[in-house]
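Trainee: I should like to learn how to read a protein model step by step. May we begin with the overall fold and then turn to the details?

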Amino acid sequence: MTGPDAAGHVGNERQQADRLAERLLAAHQRVRAAALPADEKGRVARRLIALTDASKHDVPRAAARLDALLADLDAGRVSPD
């Protein structure tokens, strides 16, 4: 893409990545503060680290995975690795 659309597209992608970064930071803080047994907290932390790494390559997919992780936490579920 060239021209104004390209700049807008790149800007939008950057905004999505920035928003995801903020959400990931909040999720990391939430997991650190969670009242979970150590093994469960470790499992959730590893899951969060994996999706944080994936966010470098696919922001929309990482955002969807973060939504699923947060839904699990909200429901009191800790998914297996």
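The dialogue below takes up the fold, the core, the salt bridges and one helix.

Mentor: Please bear in mind from the outset that this is a predicted model. A sensible first step is to list the elements of secondary structure.

Trainee: How many helices and strands does the chain have?

Mentor: The chain has three helices and zero strands. Read from the N terminus, the order of elements is α-α-α. Of the 81 residues in the chain, 23% are buried. The accessible surface amounts to about 5400 Å², and carbon and sulfur atoms account for 55% of that area.

Trainee: How should I approach the interior?

Mentor: The general idea is that in soluble globular proteins, nonpolar side chains tend to be buried together. In this model, the largest nonpolar core has 14 residues, and those with the most contacts inside it are Leu 20, Leu 48, Leu 66 and Leu 69. At least two residues of this core come from each of helix H1 (4-33), helix H2 (38-54) and helix H3 (59-74).

Trainee: Which helix gives the most to this core?

Mentor: Helix H3 does, with seven residues.

Trainee: Which residues does Leu 48 touch, leaving aside those up to four places away in sequence?

Mentor: Leu 48 touches Leu 24, Ala 27, His 28, Val 31, Leu 66 and Leu 69. A related value describes the chain as a whole: among contacts between residues at least 6 apart in sequence, 58% join residues at least 24 apart.

Trainee: What is the general idea behind a salt bridge?

Mentor: Side chains of opposite charge can pair when their charged atoms come close. The count here comes to seven salt bridges. One of them joins Asp 18 to Arg 14, with the closest N and O atoms 3.3 Å apart. Both residues lie in helix H1, four residues apart, which is about one turn of the helix.

Trainee: Are Asp 18 and Arg 14 buried, partly exposed or exposed?

Mentor: Asp 18 has a relative accessibility of 32%, so it counts as partly exposed. Arg 14, at 54%, counts as exposed because the cut-off for that class is over 50%.

Trainee: Which salt bridge joins two helices, and how far apart in sequence are the parts it ties together?

Mentor: Asp 74 forms a salt bridge with Arg 30, the closest N and O atoms being 2.5 Å apart. Asp 74 belongs to helix H3 and Arg 30 to helix H1, so this pair ties together parts that are 44 residues apart in sequence. Asp 74 is exposed at 57% relative accessibility, whereas Arg 30 is partly exposed at 34%.

Trainee: Is there another pair to examine?

Mentor: Asp 53 pairs with Lys 56, the closest N and O atoms lying 3.4 Å apart. Asp 53 is partly exposed at 41%, and Lys 56 is exposed at 63%. In addition, salt bridges that share partners join Arg 47, Asp 72 and Arg 77 into one network.

Trainee: How may I read a single helix, such as H3?

Mentor: Compare its span with the expected value, then look at its residues and its ends. H3 has 16 residues and reaches 22 Å from its first C-alpha to its last, close to the 22 Å expected at 1.5 Å a residue. Its buried residues are Val 59, Ala 62, Ala 63, Leu 66, Leu 69, Leu 70, Asp 72 and Leu 73.

Trainee: What is found at the start of H3 and just after it?

Mentor: At the start, a side-chain oxygen of Asp 58 reaches to within 3.2 Å of the backbone nitrogen of Arg 61. Just after H3, Gly 76 takes a positive phi of about 80°.

Methods
Residues numbered from 1 in each chain as written. Predicted model: local features only at pLDDT ≥ 70, side-chain atom pairs only at ≥ 80, totals over all residues. Heavy atoms only, no water. Core = buried A, V, L, I, M, F, W, Y, C linked by side-chain atoms within 4.5 Å. Buried < 20%, exposed > 50% of the residue type's maximum accessible area, 1.4 Å probe, protein only. Contact = heavy atoms within 4.5 Å. Salt bridge = Lys/Arg side-chain N within 4 Å of Asp/Glu carboxyl O. Expected span 1.5 Å × (residues − 1). Polar contact = N/O pair within 3.5 Å; in protein donor to acceptor, adjacent residues only side chain to side chain. Areas by Shrake-Rupley, 256 points an atom, 1.4 Å probe, with all protein chains shown as cover.
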